[in-house]
Amino acid sequence: MTDSTNETLLTVRTAFARLTRENPGLTDIDHKIMHAFEQLMLGRPEITDGRTSAVNICAEASVSRASYYRSPVAAVIKGILGSPEARRPESDELRQEITRLKQSERELRREKAGEIRELRATVAAYANQIQVLALRNVELEADTRRLQAQLDEGRKDVVKQLRRSQEPAI
């Protein structure tokens, strides 16, 4: 057994020993519940999936939930599970880790979806700007062709040709 399992078992047995001292008239049902809880805390369930829940404790002990809740053992178990130093079975810890990872994955997917929406909006805006610029470019080319045609016709009163510079346009 690992140290944490030993500590858990010691905590559980100490709490149950105190309960037995304070309540000398514990029934067989109470002892079944204590044994079932110990088995679950050690990670050795016989019937259930190993979670430390009231339903699983009742199933392991073969008692009804009403009997469990009437038992003084239920309050002790609740105290054990509520204490921060109590180590739960590895299966419970793994389930909690799975739950945490699923939550994290949902959050990451949500963030990714938001980024994708944002990027798609940016792409759409750029596509619109490109279309506007392409249309403006076509207009300017048409104006250039029209002005060049007027120059070629020799109409001096319409357009005056400028001297072309040798410097490249920036």
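**Helix α2 and its two partners**

In this predicted model, helix α2 and helix α3 pass each other in a right-handed crossing. Their axes come within 8 Å and cross at roughly 115°, and the residues that make this contact are Lys32, Ile33, Ala36, Phe37 and Leu40 on the α2 side, with Asn56, Ile57, Glu60 and Ala61 on the α3 side. Sorted by character, the residues of the contact of α2 with α3 comprise 6 nonpolar, 1 polar and 2 charged.

It helps to look next at α2 by itself, which covers residues 28-41. Its 14 residues, taken at 1.5 Å a residue, should span 20 Å, and because the C-alpha atoms at its ends are 20 Å apart, the expected and the computed spans agree. The buried residues of α2 include Ile33, Ala36, Phe37 and Leu40, and each of these four is also named in the contact with α3. After α2 comes Gly43, which has a positive phi, near 80°.

The other partner of α2 to follow here is helix α5, residues 72-82. These two helices pack at an angle of about 20°, their axes lying 9 Å apart, and α2 and α5 are therefore roughly parallel to each other, since an angle under 35 degrees counts as such. Here, too, the crossing is right-handed. From α2, the residues Asp30, Ile33, Met34, Phe37 and Met41 meet Pro72, Val73, Ile77, Ile80 and Leu81 of α5, and the residues of this contact divide into 9 nonpolar, no polar and 1 charged. Ile33 and Phe37 of α2 thus appear in the contact with α5 as well as in the one with α3.

Methods. Residues numbered from 1 in each chain as written. Predicted model: local features only at pLDDT ≥ 70, side-chain atom pairs only at ≥ 80, totals over all residues. Heavy atoms only, no water. Expected span 1.5 Å × (residues − 1). Buried < 20%, exposed > 50% of the residue type's maximum accessible area, 1.4 Å probe, protein only. Axes fitted to C-alpha atoms, helices over the stretch in contact; angles between N-to-C directions. Parallel < 35°, antiparallel > 145°, perpendicular 65-115°, else oblique. Left-handed = near helix turned anticlockwise from the far one by under 90°. Contact = heavy atoms within 4.5 Å. Nonpolar A, V, L, I, M, F, W, Y, C, P; charged D, E, K, R; others polar.
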